[in-house]
Amino acid sequence: MRPLTDVETERLFEKLANYIGRNITHLIDRPDDPHCFRIQRDRVYYVRESIAKLATSVARDSLLSLGTCLGKFTKTGKFKLHVTALDHVAQHAKYKVWVKPNGEMPFLYGNNVVKAHVGRISEDTPEHQGVVVYSMNDTPLVSFAIVGVYAIMEC
């Protein structure tokens with residue numbers, strides 16, 4: 001496990017900023033226990049600093065995982081979020097879309113959310129902005145989305 005380089009940190013923060021905006025500081029500057037980002041085999045982990053210090057005594061080849069996996073870097077250097085990051089991203093999401101019960105399954109199977117399935121949407125959500133999709137009982141669904149607000153509003 002090693003700390004992220006400046007380029008890796010920039011790409012990670014760009015991706016997180018699509019979904020949580022300036023709330024990235026809430027992930028790093030936690031008053032209860034400071035957390036940090038570490039990388040192991042192209043996967044980025046969000047872990048407590050105290051546990052990260054303890055993990056330095058484990059050989060890199062023997063260490064499989066530590067903390068919460070936020071995502072991974074592809075071979076081209078892009079960062080992709082994983083489903084395991086949903087709990088942390090959903091807490092601090094800037095823009096949200098709530099889907100009615102009849103639209104949950106089509107969305108989870110990979111279809112688009114149509115206007116009839118939208119229960120609510122955050123105010124002032126810009127076009128092509130990253131959103132977290134929730135069910136109507138405020139449970140984050142297992143997917144991230146880039147919403148075309150114009151498509152939802154005009155359908």
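Helices and strands here are DSSP runs, with at least four residues for a helix and at least two for a strand. With that in mind, please look at the model on the screen, which is a predicted one, and where the protein chain has 6 helices and 9 strands.

Let me begin with the chain as a whole. Along the principal axes, the C-alpha atoms fill a box of roughly 55 × 35 × 25 Å, and of the 155 residues in the protein chain, 41% count as buried. If we take the contacts between residues at least 6 apart in sequence, 52% of them join residues at least 24 apart.

Turning to the surface, the protein chain exposes about 9,400 Å², and carbon and sulfur atoms supply 51% of that area. As for charge, there are 20 positive and 17 negative side chains, and the centres of these two sets lie 5 Å apart.

Now to the cysteines. A disulfide is a covalent bond between the sulfur atoms of two cysteines. How many disulfides does a search of the whole structure find? The search finds 0 disulfides. Cys 36 is in none, and the nearest cysteine sulfur to its own, that of Cys 69, is 14 Å away; Cys 69, in turn, is in no disulfide either, with the sulfur of Cys 36 as its nearest, at 14 Å. A pair would have to lie within 2.5 Å to be counted.

Is Cys 36 buried or exposed? Because its relative accessibility is 9%, Cys 36 counts as buried, and Cys 69 counts as buried because its relative accessibility is 14%, where the cut-off for buried is under 20%.

Conventions: Residues numbered from 1 in each chain as written. Predicted model: local features only at pLDDT ≥ 70, side-chain atom pairs only at ≥ 80, totals over all residues. Heavy atoms only, no water. Buried < 20%, exposed > 50% of the residue type's maximum accessible area, 1.4 Å probe, protein only. Contact = heavy atoms within 4.5 Å. Areas by Shrake-Rupley, 256 points an atom, 1.4 Å probe, with all protein chains shown as cover. Lys, Arg positive; Asp, Glu negative; His and termini not counted. Charge placed at Lys NZ, Arg CZ, Asp CG, Glu CD.
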